2 protein chains.
Amino acid sequence: MAGSAIKPTPLLKDELDIVIPTIRNLDFLEMWRPFFEQYHLIIVQDGDPSKTIKVPDGFDYELYNRNDINRILGPKASCISFKDSACRCFGYMVSKKKYIYTIDDDCFVAKNPSGEQINALEQHIKNLLSPSTPYFFNTLYDPYREGADFVRGYPFSLREGATTAVSHGLWLNIPDYDAPTQLVKPLERNKRYVDAVLTVPKGTLFPMCGMNLAFNRELIGPAMYFGLMGDGQPIGRYDDMWAGWCMKVICDHMGWGVKTGLPYIWHSKASNPFVNLKKEYRGIYWQEDLIPFFQAAVLPKECVTVQQCYIELAKQVKEKLGKVDPYFIKLADAMVTWVEAWDELNSSEEKSSKQPNGTAK
Amino acid sequence: MAGSAIKPTPLLKDELDIVIPTIRNLDFLEMWRPFFEQYHLIIVQDGDPSKTIKVPDGFDYELYNRNDINRILGPKASCISFKDSACRCFGYMVSKKKYIYTIDDDCFVAKNPSGEQINALEQHIKNLLSPSTPYFFNTLYDPYREGADFVRGYPFSLREGATTAVSHGLWLNIPDYDAPTQLVKPLERNKRYVDAVLTVPKGTLFPMCGMNLAFNRELIGPAMYFGLMGDGQPIGRYDDMWAGWCMKVICDHMGWGVKTGLPYIWHSKASNPFVNLKKEYRGIYWQEDLIPFFQAAVLPKECVTVQQCYIELAKQVKEKLGKVDPYFIKLADAMVTWVEAWDELNSSEEKSSKQPNGTAK
């Protein structure tokens with residue numbers, strides 16, 4: 001048996017899918033092999049479906065291209081973006097697992113200040129499995145972490161915390177800047193390793209990036225819709241932001257926590273700022289209305305499921321943001337379609353119609 | 001001129017006072033000499049006024065003992081706590097500077113992970129002189145810091161930030177735990193250096209510790225009242241918490257920011273948990289009512305000065321917390337006395353009556 005050591009089973013091995021949107025061969029997985037190899041991957045192929053995406057040997061995956069999406073969702077496929085990484089949310093919908101980790105294919109394993117490779121997925125899982133503290137800020141950061149606790153003055157009744165729905169990880173090297181900031185600071189790199197996990201307080205919005213993100217699909221999955229972006233749409237690069245704002249309003253309503261901070265991944269390549277500017281410019285303008293809208297959004301007590309919350313939010317989007325631009329009327333309709341599709345695929349009888357192109361290990 | 005190098009003038013040298021409450025000789029200042037020597041100190045001597053407090057040579061200071069406080073404030077001296085470090089707020093009141101830094105005499109210079117001594121005061125000043133971001137959370141932490149910026153999805157209209165009123169620093173070694181946590185984890189030490197400064201979002205409360213704290217006295221000074229603690233009072237160790245909750249509600253109302261995080265100091269000595277438990281136990285019980293009270297507190301638009309806000313808050317304390325315990329009626333009255341005393345001492349004609357025992361360098 002020498003040389004064939006049995007690998008320890010990683011956390012949540014059978015309860016988590018890794019969702020990767022891509023248009024290219026997935027060579028980046030080689031670097032993640034020690035951390036991802038035992039998990040199941042859901043690959044959402046964007047762009048030309050006739051192209052073949054190569055996946056390194058030894059990974060267990062299913063792969064969906066646009067033809068699969070159209071076949072599985074039928075007319076409801078209209079809610080899934082094309083030619084934009086927003087298509088990743090299709091992977092959330094077809095997963096059958098409790099947890100999702102999603103990562104971009106230009107993200108590599110980062111190192112901590114001691115030079116050790118960071119197992120990003122393991123940190124996300126720890127974040128998701130420990131409570132959040134959305135109701136009161138703990139100055140020594142995550143009180144559930146080893147070597148930390150709640151500080152003096154933290155109410156004892158709040159120390160059980162809230163269930164964690166989302167874990168938002170960060171990026172070393174290329175920071176997640178918008179096009180104007182990319183243009184102004186083309187050489188800026190994120191070199192600061194901040195050794196902290198924080199709960200984003202209740203009532204506070206943040207910019208959620210989809211590059212390195214994990215969530216409890218069973219809890220918040222139906223709110224993790226990445227909107228209408230890319231081909232045929234007036235906007236791009238706001239898919240994760242949109243999901244983050246909707247998700248946060250709903251988590252606040254439901255009493256769930258959202259964390260940000262560790263783990264870091266290594267973001268290798270800045271996207272083209274000129275292309276990004278074209279995708280973003282309406283979003284940059286619109287977000288000045290979106291943020292006040294989401295800050296003021298209130299969901300009625302009657303909304304007790306994420307689906308109910310999301311449908312209600314879609315209604316408010318149509319009513320209030322429809323005036324900003326007709327795009328939001330279309331988006332609100334797509335939000336409803338998304339939830340309908342989610343419920344169809346996630347009822348008990350949907351399995352026969354959902355056969356991907358994937359190959360098994 | 002060899003050997004007599006001219007020291008560079010530190011930031012805000014003539015605009016900041018360092019306030020230190022103490023009952024002992026201030027040998028701890030030796031370690032702070034390179035960082036504090038050019039600033040003016042205000043020492044508030046607690047306990048027996050006949051005792052002499054020795055201050056190391058070369059420091060520029062004024063010192064007030066209980067006799068001075070009684071003489072300067074007359075009957076209003078009742079609002080200043082005795083035999084509790086809450087007395088430090090008297091130093092805020094008699095200062096004539098724009099900024100205050102306050103530190104405990106068991107706090108020493110900490111080192112960063114590179115082994116360099118941390119100039120805590122300089123970091124606080126940077127925190128106070130740069131804006132805060134209370135309205136939207138930036139995932140890469142302080143966007144005004146070198147090497148950082150606002151991330152994608154951060155509304156451009158919010159990037160000017162808000163004026164910073166308070167900078168709350170942290171502690172390596174002995175964490176600021178309450179008595180129950182001290183008892184349960186007597187050996188826990190804070191070894192984690194988190195390289196971040198954060199804005200506590202609008203609408204979020206946090207436990208403000210007075211050990212390592214700086215603020216813009218001109219802005220928020222009248223709200224930095226540390227309450228009635230210690231001798232003759234049913235409670236201790238909630239002085240800074242009380243000030244922090246009042247201050248945060250008022251900063252949120254006024255549109256000012258509150259930061260927490262860097263700088264760290266080295267907290268040398270855990271206080272006695274049994275003594276602390278006796279001081280804290282009512283506070284631990286009461287804070288379950290205090291937090292919902294402060295979370296729900298709304299100040300009317302008509303309150304446009306900190307003094308007006310503070311008087312209004314005192315009124316609400318009396319009305320709503322008076323039911324929790326008669327102590328809060330007394331505290332509400334003391335809050336009003338404090339603001340009256342503040343205004344008396346900080347009008348233009350107060351100077352003749354305010355001669356401390358201090359010695360000049």
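In chain B of this predicted model, the buried residues of H9(B) pack against four helices, namely H6 (217–220), H7 (239–254), H8 (273–296) and H10 (327–345); buried here means under 20% relative accessible area, with a 1.4 Å probe and protein chains only, and helices are DSSP runs of H or I with at least four residues, numbered from the N terminus. Among those buried residues are Val306(B), Cys309(B), Tyr310(B), Leu313(B) and Leu321(B). H9 itself covers residues 306–321 of chain B, and its 16 residues should span 22 Å at 1.5 Å a residue (1.5 Å times one less than the number of residues); the end C-alpha atoms sit 21 Å apart, which agrees.

As for the two copies, a turn of 180° with a shift of 0.0 Å along the axis lays chain B on chain A, at an RMSD of 0.0 Å (least squares on C-alpha atoms of residues with pLDDT of at least 70 in both). That is the relation of a two-fold axis. Val194(B) is the residue of chain B that comes closest to the rotation axis, its C-alpha lying at 2.8 Å.

On to the cysteines: the whole structure turns up 0 disulfides over all chains (a disulfide being a pair of cysteine sulfur atoms within 2.5 Å). For Cys251(A), the closest cysteine sulfur is in Cys309(A), 9.5 Å away and too far for a bond. Cys251(A) is buried, at 1% relative accessible area. Cys303(A) is in no disulfide either, with the sulfur of Cys309(A) nearest at 4.9 Å; Cys303(A) also counts as buried, at 8%.

Residues are numbered from 1 along each chain as its sequence is written, and chains are lettered from A and ligands numbered from 1 in the order written. Local features need pLDDT of at least 70 and side-chain atom pairs pLDDT 80 or more, while totals for chains, interfaces and linings use all residues, and side-chain values use heavy atoms, leaving out hydrogens and water.

Key
Helix = DSSP H or I, 4+ residues; strand = E, 2+ residues; numbered from the N terminus. Buried < 20%, exposed > 50% of the residue type's maximum accessible area, 1.4 Å probe, protein only. Contact = heavy atoms within 4.5 Å.
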